Amino acid sequence: IERREDHIDNTSLSPRRVQRSQNALALGYGLGTGAHALQVNVRRDDDSDFGNKSTGNIGYAYKFGEGWRLSASAGSAFRAPTLYQRFSVYGKPGLLPEQGRSHELALRYAQGGDEFSVTAYNSQYSNQIVFGAAGPCASAFGCYVNVAKTKNQGLTLAAATQVQALRLAGSLDLQNPKDLGTNKLLARRARHTLKLNADSQIAGFDVGAEVQRTGKRFDRANEAVPLKAYTLLNLSVKKQLSADWQWLARVDNLNNRDYETAKDYATGGRQFYVGLRWQPAQ
């Protein structure tokens, strides 16, 4: 059972104060018997601005052979626009809720230290909420808008293996997020994303390295204002000092890459973190 209340107070708005609420009830059921597994979820939302909406999903998995599992799922989604998306200077009061349907099929293998999975998915949305061009709102920079019909088809490949003391893992996501009205790519979504990880233990320290590669994107609809592809390198070190205490350090963006996830919005350069974590042993 969920209750959500949102309020916005902005002197540049008319009216200045706006609020909304949302009540929800969600039920889930899971069944596992032998090689079979079933999961069913349903949800009912009552939004003060947009009324009632029911969503749900169902998933099934089957284990076979030595370490193999085949799974499939289908579901629906509902997302009401936030007050910021409707009533800020970037907002449009008439923004509609986003609704979607998705289907997924996956094959996974896990045996010993080896893992592999391939996942295919297909999602379709109506009135998807995106940040678009200026015009419908008070901002000259851009506005939140609805895209009538969108579709995203993709394939995710993931694998991991143990090579002596070194744990190697990686994933590749290939997707095609399209505005069906224009047949153009959706804004700020890369078609290719690659992640590679390597972890090992050296002299009692857990050492890890991570490479993230994000492909070219566009900051605006109709494939306008390109954003360059970028690669980030992150390093981490952890040391278990006792059963309860752990020391850790991390360097993000070690290569100090200059990149943007949205046009003209700065992102952090090289960043270093160090910390001490306390977690009581069970």
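Here a student and a tutor talk through a few labels used for this predicted model.

Student: Let's start with S117 in strand β7. Why is S117 called buried?

Tutor: Buried means under 20% relative accessible area. S117 comes out at 17%, so the label fits. As for its surroundings, S117 touches L107, R108, T156, L157 and A158, leaving aside residues up to four places away in sequence.

Student: Y121 is in strand β7 too. What makes Y121 buried?

Tutor: Again, the cut-off is under 20%. Y121 has a relative accessible area of 17%, so Y121 is buried. Its contacts, not counting residues up to four places away in sequence, include H103, E104, Q153, L155 and D173. Y121 and Q153 are 32 residues apart in sequence, yet their C-alpha atoms are 5.7 Å apart in space.

Student: How do you know that the side chains of Y121 and D173 make a polar contact?

Tutor: The pair of N or O atoms has to be within 3.5 Å, with one able to donate a hydrogen and the other to accept it. The Y121 and D173 side chains are joined at 3.1 Å, and the pair counts as a polar contact.

Student: On to the rings. How many aromatic pairs does a search of the whole structure find?

Tutor: It finds 12. Take F64 and W68, whose ring centres are 6.3 Å apart with planes at 20°.

Student: Why is the F64 and W68 pair called stacked?

Tutor: Centres must lie within 6.5 Å, and planes under 30 degrees apart count as stacked. With 6.3 Å and 20°, F64 and W68 are therefore a stacked pair.

Student: And what makes F205 and W247 edge-to-face?

Tutor: Planes over 60 degrees apart get that name. The F205 and W247 planes are at 85° and the centres 6.4 Å apart, so the pair is edge-to-face. This pair links distant parts of the chain, with F205 in strand β12 and W247 in strand β16, 42 residues apart.

Student: Why does W247 count as partly exposed?

Tutor: That label covers values between the 20% and 50% cut-offs. W247 has 30% relative accessibility, so W247 counts as partly exposed. F205, at 31%, is partly exposed as well.

Student: How do you know that the charged end of K239 sits over the ring of F205?

Tutor: The distance limit is within 6 Å of the ring centre, and the charge must also lie within 35 degrees of the ring normal. K239 is 5.1 Å from the centre of the F205 ring and is listed as sitting over it. Likewise, R220 lies over the face of F141, 5.0 Å from the ring centre.

Note on methods: Residues are numbered from 1 along each chain as its sequence is written. This is a predicted model: local features need pLDDT of at least 70, side-chain atom pairs count only at pLDDT 80 or more; totals for chains, interfaces and linings use all residues. Side-chain values use heavy atoms; hydrogens and water are left out. Helices (H or I, at least four residues) and strands (E, at least two) are DSSP runs, numbered from the N terminus. Buried means under 20% relative accessible area, exposed over 50%, partly exposed in between (1.4 Å probe, protein chains only). Contact means heavy atoms within 4.5 Å. Rings of Phe, Tyr and Trp (its six-membered ring) pair if their centres lie within 6.5 Å; planes under 30 degrees apart count as stacked, over 60 as edge-to-face and the rest as tilted.
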